[in-house]
Amino acid sequence: EHAERLKRAEDNTSASEIYRVGWSWGANVIPRAAGSAAVKKLIFTAGAFHPATLRHKVKSRPVPESKHSLIWEAMRTNPLRTAREVAPYALYNDVESVPRLNEIISSLRQHPRRELEPGLVHFPDLPMEYILMTNDRTLLPESQREIAEALGIVPVEFDGGHAAMYSEEKAKKLARLYIHLANKN
């Protein structure tokens, strides 16, 4: 569903070049609904791939099973309560403002947990970049490195946590990095 929305938005733009950015679970979305000639590159940020999605790209070696560390297993028992307890440490460790952190935490809502990932016809043959968040406590840096290596990408390291974009200072640096990677050949 997210991929279809992305594709519709791309089809309704007059942009001649599109760079898809997939953060966290969004890494599963950006390789889907491919076909737009305007899409020039995929940029994964702390990409937490479902193994079934990754298998469409990685055929010659085992696919790493993402270790979602603090949140993945803990949320089986009481998803919303656990997320609110763990999120300040695991997801939003870059947020400097306590009022902003409280606003973010209070907006969390429960999402259904999927064991199956919708099918992917093929992984698009596009240039790819991977931004490894070095202070990520949700998808551990070691897991991110395994995923990037499985995709054949040398990751670019960024000094930030899983949701660094909630930090004004880090968001600006991350935006500059996206622009740099989009222009990199």
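A walk through the fold, starting at helix α1

Let's begin at the N-terminal end: helix α1, residues 2–11, has Ala3, Lys7 and Glu10 as its buried residues. Looking down the axis of α1, you'd find those buried residues within an arc of 65 degrees, so they line one face of the helix. And what sits over them? The cover for the buried residues of α1 includes β1 (18–23) and β2 (39–45). Keep in mind as you rotate the view that this is a predicted model.

Now step back to the whole chain. You'll count seven helices and four strands, and from the N terminus on they run α-β-β-α-α-α-α-β-α-β-α. The chain has 185 residues, of which 45% count as buried. For contacts with a separation of 6 or more, 63% are between residues 24 or more positions apart. As for the outside, the chain exposes about 10400 Å², with carbon and sulfur atoms supplying 54% of that.

Next, the sheet. The four strands make an open, parallel sheet, in the order β1-β2-β3-β4. At its edges stand β1 and β4 (156–158), each with a single partner strand, so one side of each has no neighbour in the sheet. From one strand to the next, the twist averages 25 degrees.

Go through the pairings from the β1 side. β1 and β2 are joined in the parallel sense by six bridges, and here Arg20 stands opposite Leu42 in β2. On to the next pair: β2 and β3 run parallel too, joined by four bridges, with Thr45 standing opposite Ile131 in β3. β2 itself is mostly covered, with six of its seven residues buried.

What packs against the other end of the sheet? Helix α6 (residues 141–150) lies across β3 (128–133) and β4, and runs at about 170 degrees to β3.

That brings us to the packing of nonpolar side chains. The largest nonpolar core holds 21 residues, and the members touching the most others are Phe44, Phe49, Tyr130 and Leu151. β2, β3 and α6 each supply at least two residues of this core. Phe44 is a good one to click on: leaving aside residues up to four places away in sequence, its contacts include Gly22, Ala27, Ile30 and Pro31. Also on the Phe44 list are Phe49, Phe123, Leu151 and Ile153, along with a run of Met128, Glu129, Tyr130 and Ile131. Apart from this core lies another, of 10 residues, with Ala46, Met133, Tyr178 and Leu181 among them.

Finish at the edge strand β4, where you'll find Val156. Is Val156 buried or partly exposed? Its relative accessibility is 21%, so Val156 counts as partly exposed; the cut-off for buried is under 20%. Val156 and Leu132 are 24 residues apart in sequence, yet their C-alpha atoms are 5.9 Å apart in space. Leaving out residues up to four places away in sequence, Val156 touches Glu129, Tyr130, Ile131 and Leu132, as well as Leu177 and Leu181. Two of those names have come up before: Tyr130 is in the largest nonpolar core, and Leu181 is in the core of 10 residues.

Technical notes. Residues numbered from 1 in each chain as written. Predicted model: local features only at pLDDT ≥ 70, side-chain atom pairs only at ≥ 80, totals over all residues. Heavy atoms only, no water. Buried < 20%, exposed > 50% of the residue type's maximum accessible area, 1.4 Å probe, protein only. Arc of directions from axis to C-beta. Contact = heavy atoms within 4.5 Å. Areas by Shrake-Rupley, 256 points an atom, 1.4 Å probe, with all protein chains shown as cover. Pairing = 2+ DSSP bridges. Axes fitted to C-alpha atoms, helices over the stretch in contact; angles between N-to-C directions. Core = buried A, V, L, I, M, F, W, Y, C linked by side-chain atoms within 4.5 Å.
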